[in-house]
Amino acid sequence: MTKVLTDARSIRIKGRSFLAVMLSPDLPLDDWLARLDDLAARSAGFFLGRPIVLDVTDLQIDRSQLKDLIAELTQRNVSVMGIEGGRPSILGPGMPPALKGGRPVSDFELPKAEPIIDLQSKQPASEARPALQSIVIRQPVRSGQSVIFPEGDVTIVGSVASGSEIIAGGSVHVYGTLRGRAMAGSVGNASARIFCRKLEAELVAIDGVYKTAEDMASNLRGQAVQLWLEGDTIMAEKLI
């Protein structure tokens, strides 16, 4: 019997891009997982709901080890959406798909728009205006909200509450109290800095190097501070 399609409605296929977190394990994997556990313990919910890509480029492991690694990440509520750099011999059925052509966000063609950050939905939107290399948020960032701007600097005219986050491709400027998480240089910018009028942060990170509240010098808490990266170490000093 021939089935006749009577519904002429079209199927809508939309394109959409997401900012994924790239995890690049190194050997030995047990030590790397221990460091991951440390980060997760110090910043609860950091990986929750985030798209994660596992970069195994040049990682000398076999298929069994990769399966075990994915299982370990799943137990930690880290959901891997894809694998980059994996040799065909270590990929297989039941694994996340292989991804190709990934580029740092800073290499993306910038949209011809001024980003509008929707703090309620945590999703960036855009309107037809010239692209900028910085944005200014003229209101406090409340708990549970995110501001994500990989194209440049983020300035907050107000405070950043505990449980919120600022992710910038460039530097982060907070003209108030920084209580949440601030991540500068998120697309590979080691020269990015973090400035705040009052440091009470849960976590700060620059170019992937992070420091939690427990790691920060006690004499900097509650002070106007700038933070920058020297090698693999986050440095900090009071602002005069």
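A salt bridge, as the term is used here, is a side-chain nitrogen of Lys or Arg within 4 Å of a carboxyl oxygen of Asp or Glu. By that yardstick R181 and E202 make the cut, their side chains meeting at 3.8 Å from N to O. This pair links distant parts of the chain, with R181 sitting in strand β12 and E202 in the loop between β13 (194-199) and β14 (203-206), 21 residues apart. The model in question is a predicted one.

R181 has another partner too: its side chain also meets that of E165 in a salt bridge, here at 3.4 Å from N to O. Since R181 belongs to strand β12 (residues 181-184) and E165 to strand β10 (residues 165-168), the pair ties together parts that are 16 residues apart in sequence. As for surroundings, both R181 and E165 are buried. R181 gets that label because its relative accessibility is 8%, and buried means under 20%.

Altogether, six salt bridges turn up in the structure. One of them joins the side chains of D26 and R35, with 2.9 Å between N and O. Neither end of this bridge is tucked away as buried: D26 is partly exposed, at a relative accessible area of 33%, and R35 likewise counts as partly exposed, at 42%. Elsewhere, D37, E72 and R76 are hooked up in a network of salt bridges.

The surface has a nonpolar side as well. V136, V157 and Y175 come together there as a nonpolar patch, and their accessible area adds up to about 270 Å². V136 is found in strand β7, which covers residues 134-137. With a relative accessible area of 39%, V136 is partly exposed, so it clears the bar of over 30% that a patch residue has to meet.

Zooming out to the whole protein, the secondary structure consists of two helices and 17 strands. There are 240 residues, and 38% of them count as buried. The accessible surface amounts to about 14,100 Å², with carbon and sulfur atoms contributing 51% of that area. Turning to contacts with a separation of 6 or more, 34% are between residues 24 or more positions apart. The two R181 bridges fall short of that range, with E165 lying 16 residues away in sequence and E202 lying 21 residues away.

Note on methods. Residues numbered from 1 in each chain as written. Predicted model: local features only at pLDDT ≥ 70, side-chain atom pairs only at ≥ 80, totals over all residues. Heavy atoms only, no water. Patch = residues over 30% accessible without salt bridge, like charges linked within 9 Å, V, L, I, M, F, W, Y side chains within 5 Å. Areas by Shrake-Rupley, 256 points an atom, 1.4 Å probe, with all protein chains shown as cover. Helix = DSSP H or I, 4+ residues; strand = E, 2+ residues; numbered from the N terminus. Buried < 20%, exposed > 50% of the residue type's maximum accessible area, 1.4 Å probe, protein only. Contact = heavy atoms within 4.5 Å.
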